[in-house]
Amino acid sequence: MSDFSAQVFQNPYLPENGEHVNAVLTIQCSAVQNRPDPLTLGAIIDCSGSMGEGRRIQQAKKAVAALIEVLPEAAHFFVIAGNHEAQLVVPSGPATAQNKVMALSGLQAINATGGTAVSQWLHAARAQFRSSRPGIHRAVLLTDGKNDNSDPLDQVLAECAGQFQVDARGVGLDWQPDQLRKIAEKLLGSVDIVADPDHLQADFLGILKSALGKAIAEVKIRLWTPQGAKVEFLKLVSPEISDITPLARTDPAQPQIQEYPTGAWGKETRDYHLCLRVKPGKVGQRMLAGRVTVLTVLNGQEAKLAEAQVLAEWTDDEARSTLINNQVAHYTGQAQLAQSIQEGIQAQRNGDVDLATTKLGLAYKLAQDSGNEETTRLLKKVVDVIDPERGTVRLKSSIDHADAMTLDTRSTRTRRIEK
Amino acid sequence: MIQCPRCSASCPDESNYCEECGAALRQPASAVAIEEVTKVVSADPADLLSCPNCGIKLEAGTEFCPDCGIAPTYPDNFQIADWPDLVALCDRGIGHPKNEDAVIVKRKDSRSFLALSDGVSHSQRPELAAHRATSAAAAAFMESSYRLPKDLLREAVARAQAAVAEIPADPNLLEDPPCATLILALVSPNEIAVAWLGDSRAYFLTSECARLLTRDHSILVRLVNEAHVTASEALLLPGSHALTRAIGGGVAPEEPDIAIYPVTEPGLLLLCSDGLWNYVPESTTLYGVVRSHTLIPPPESDSLLPLAEALVKYACAQGGADNISVALTRIAPSNDQSPTTNQTIREAPSSS
């Protein structure tokens, strides 16, 4: 049996008529079951015409080949090559020597041609996962370009949500971070840039390592809220920011209960920022503003892994109600940091130097103050710092496109602070 | 410096509560004499509790309303008087800002069950711990298939301990996890069985005297036993109210003391929290107070409720520094059944 704990960090005190309850929920898995749930890994690679540029398609094939080669025999896998349609290179099956050979020869036959319709690829991946054994369902999706405008991506993302996880990777510099971020967010995976195709192999092996580190296929957060309350948001905030609010599922018979998928878990710790709006109580009253239950499914039965309470208490003591819990403050800052970077880069792309400078200056100050060294380092590749105290910066005279995209893509990575 | 009305410790002028025993040092402006407190008559504490926000009835021991999430406030005063010869009364008193005691009485077949709990003030949600403890113990009495008093009481204590341990404790707070005393009595016509943890007490009163049936799990008893001071003297010593055993508190369940007494003469069983016995530390004083209100045993036609009220009023008149709860039942040994031994009730055994 796995060992989970859930802990809430918050200041429960609200002023008279106060209605917003903020809390950071830390879920930790400190031990996993002896027999991990089995892995099925899908490789989905872009083979649209643009992949023919440089060594992209060759390097992508090499990276997938390397991934397949090191797959343990206990794993299952499949490969999809995608352009304006999806081509099943190898169907889902065990990672036997024979199947690996078949996959490698299938890879060789792939040519770069056609357009980009990610929804087709995901649709095909969904079919493969549906015919796979139950367990950890995870895919790596590689693309180098912008998705076709007519592609019904949102609809397919909604169909796939909760069924498998996707780590989205952009190779080269012609793809859109927003699009990949959306895929990763809806499908509970990571997002990253691999500007240089030569680095694809290392990146894919990193994804495999992470996938093999998971042991529990499905963990859900069940949130009970009082009548009249509304979930403003529930966001994963560490290790990176991902808004899972839209993934909520509600049984109409139990409108006070929402369920959020969180994907597969290994030994790890994640932080979530929960914001609720409740009907204010009277001064002196206490309220259970939310009950968080961490669940999994064991042999077809729901099993409770951990539980925590989010409280509210109304007070006329301003010294109490104005305090902000330091975890809540920290992650509020990290979310603002990510947003400032994304808005700053967008402004820079649009040629709005003033707005870009203001946003990235604010981002620099937030990154610096919160000790987010990695983001600070990425920011310094895009701006020159004039006054580190005030966050006064100047855009570099010539910004390397790869640096700007890396900053944008990795803007959601957060730092943890001591509890 | 000001002096604590309960334990006489000297406390800094600015403090509101005694640092030794936790009693309130000032009388809150809202303090009212017991006569003015609205009474709720009920057979089941479940009926005492309703959500202050949406009005639905809540089970005793409820932490939050399952609909709107609001934490109910436990009543300042309530009584259970379904049977004239088996009653309970629980009152906030005067000095304490909240009522953190709970009491419940039940009857099934020929047996009566009395449960009383005093939430420890410096723990989290003490009133919740007290109500959960008494409700769980009473549920055990109503449901248990055990016949032997010892077994039934053990199970009732274990269920109370589990119910208190289930209350989520906030590790970030200075206060201890929820913690309370517990005393249970299982009464049949010829026998009283008591189980306890902490310093809530049971007395048996006959026409001649009052006898203490329990031995407090507190520093006070250690002082009396080991330092050879009288109970009245020990009460004045700082820290004498500290408990050596209790339920909850975030520690592993502790063993209750259990004592069984055969009843050979008619009398009155009294369970009470320290809100009462602080003002009657010697059994003779208690006997005098009860005797001044009624014959012992009281006439069969009389309800015991007036006596329960008289005891609460007495404690309030003496200062009412703490919550006061009492549970009373009349015991009349049946003549057709010969008692198992000739032994009459003596003071509590020195160890169990």
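The exercises below, each with a worked solution, concern a predicted model.

**Exercise 1. Helix packing in chain A**

Determine how α1(A) and α2(A) are oriented relative to one another, and state which residues meet.

Solution. Start with the two elements: helix α1 spans residues 56-70 of chain A, and helix α2 spans residues 97-108 of chain A. Their axes lie 10 Å apart and form an angle of about 180°. Angles over 145 degrees count as roughly antiparallel, so α1(A) is roughly antiparallel to α2(A). Next, list the contact. From α1(A) come A:K61, A:V64, A:A65, A:I68 and A:E69, and these meet A:K100, A:A103, A:L104 and A:L107 of α2(A). Finally, sort the residues of this contact by class: six are nonpolar, three are charged and none is polar.

**Exercise 2. Domains of chain A**

Give the domain bounds of chain A and describe the contact of domain 1 with domain 2.

Solution. The domain assignment places residues 3-34 + 216-323 of chain A in domain 1, residues 39-212 in domain 2 and residues 327-412 in domain 3. The C-alpha centres of domain 1 and domain 2 of chain A are 33 Å apart. Their contact draws eight residues from domain 1 of chain A and nine residues from domain 2 of chain A. On the side of domain 1 of chain A that touches domain 2, four residues are nonpolar, three are polar and one is charged.

**Exercise 3. The contact of chain A with chain B**

Count the residues that each chain supplies, then characterise the side of chain A.

Solution. Chain A supplies 10 residues and chain B supplies eight residues. Within the side of chain A, the largest share, four residues, belongs to strand β18 (residues 286-298) of chain A. By class, this side of chain A holds four nonpolar residues, five polar and one charged.

**Exercise 4. Chain B and B:K57**

Summarise the fold of chain B, then decide whether B:K57 is buried or exposed.

Solution. Chain B contains seven helices and 15 strands. It has 352 residues, of which 49% count as buried. Among contacts in chain B with a separation of 6 or more, 65% are between residues 24 or more positions apart.

Now locate B:K57: this residue sits in the loop between β2 (10-11) and β3 (77-83) of chain B. A residue counts as exposed if 12 or fewer other C-beta atoms lie within 10 Å of its own. B:K57 has 12 C-beta neighbours inside 10 Å and therefore counts as exposed. As a last step, relate B:K57 to B:L173: the two are 116 residues apart in sequence, and their C-alpha atoms are 30 Å apart in space.

Note on methods:
Residues are numbered from 1 along each chain as its sequence is written. Chains are lettered from A and ligands numbered from 1 in the order in which they are written. This is a predicted model: local features need pLDDT of at least 70, side-chain atom pairs count only at pLDDT 80 or more; totals for chains, interfaces and linings use all residues. Axes are lines fitted to C-alpha atoms, for helices over the stretch in contact, and angles run from 0 to 180 degrees between N-to-C directions. Angles under 35 degrees count as roughly parallel, over 145 as roughly antiparallel, 65 to 115 as roughly perpendicular and the rest as oblique. Two residues are in contact if their C-beta atoms, placed from the backbone, lie within 7 Å. Ala, Val, Leu, Ile, Met, Phe, Trp, Tyr, Cys and Pro count as nonpolar, Asp, Glu, Lys and Arg as charged, and the others, Gly among them, as polar. A residue is buried if 20 or more other C-beta atoms lie within 10 Å of its own, exposed if 12 or fewer, and partly exposed in between; C-beta atoms are placed from the backbone. Domain bounds come from an automatic or database domain assignment.
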